[in-house]
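Me: I'm new to this structure and would love a close look at one part, the largest nonpolar core. Could you walk me through that part?

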Amino acid sequence: MALDETDKKILRLLQEDAHYTLKDIANKINLSLTPVHDRVKRLEKEGVIEKYVTILNKKKLGNNLTVYCQVTLTKQTYDTSEGFNQSILNLPEVVECNYVSGNFDYMLKIIIPDMESYHRFHQQKLSVLPEVSLLNTVFVISEVKSTTVLPI
């Protein structure tokens with residue numbers, strides 16, 4: 001789908017703050033309300049705008065530890081991957097799961113309260129999955145940049 005500069009301006013504003021009203025957006029990009037409404041509805045319908053969410057402050061919710069975990073599966077087969085995928089979908093601590101190339105199969109991003117909680121998660125939920133052969137864990141010391149804003 002081709003996006004023109006007006007579409008991009010709308011998307012940038014919505015990424016900045018999804019609370020902007022259509023009127024706010026229209027004022028910021030010097031366009032009337034109806035074309036902004038039509039464009040936003042088209043972007044939603046075409047799936048460019050996937051959904052609207054609220055981003056929570058993880059530390060204020062007591063989730064002070066971010067962990068990246070490299071996972072190697074027992075076998076690199078479709079059935080093994082699908083079994084692992086289904087298990088991961090049921091673990092709310094895992095906020096991202098990516099199938100990757102390289103020396104391991106998956107990269108997980110895990111948000112959890114503390115080291116003790118991660119230890120329990122690792123021992124009771126992750127390492128016990130039948131598809132898992134090897135786990136390599138990296139702990140985030142300091143978060144330099146974290147954004148949901150995509151370059152447009």
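Reply: Happily! Let's start outside that core: over residues 3-64 the chain is 53% helix and 0% strand, with the end C-alpha atoms 38 Å apart (helices, H or I, of at least four residues and strands, E, of at least two are DSSP runs, numbered from the N terminus). An unreviewed UniProt entry annotates residues 3-64 as "domain: HTH asnC-type"; such annotations may be inferred rather than shown by experiment.

This is a predicted model, where local features need pLDDT of at least 70 and side-chain atom pairs pLDDT 80 or more, while totals for chains, interfaces and linings use all residues. Residues are numbered from 1 along each chain, and side-chain values use heavy atoms, without hydrogens or water.

Now to your core, a set of buried Ala, Val, Leu, Ile, Met, Phe, Trp, Tyr and Cys residues joined through side-chain atoms within 4.5 Å (buried is under 20% relative accessible area, with a 1.4 Å probe and protein chains only). The largest one has 19 residues, and Val71, Phe84, Leu108, Ile110 and Leu126 have the most contacts inside it. Strands E1 (65-73), E3 (106-112) and E4 (132-139) and helices H4 (78-89) and H5 (115-126) each supply at least two of its residues; the largest share, five residues, comes from E1.

Look at Leu126: among the residues it touches, beyond four places in sequence, are Cys69, Ile88, Leu108 and Val132 (contact means heavy atoms within 4.5 Å). A second, separate core of twelve residues includes Leu13, Ile29, Val36 and Leu43.

Key
Buried < 20%, exposed > 50% of the residue type's maximum accessible area, 1.4 Å probe, protein only.
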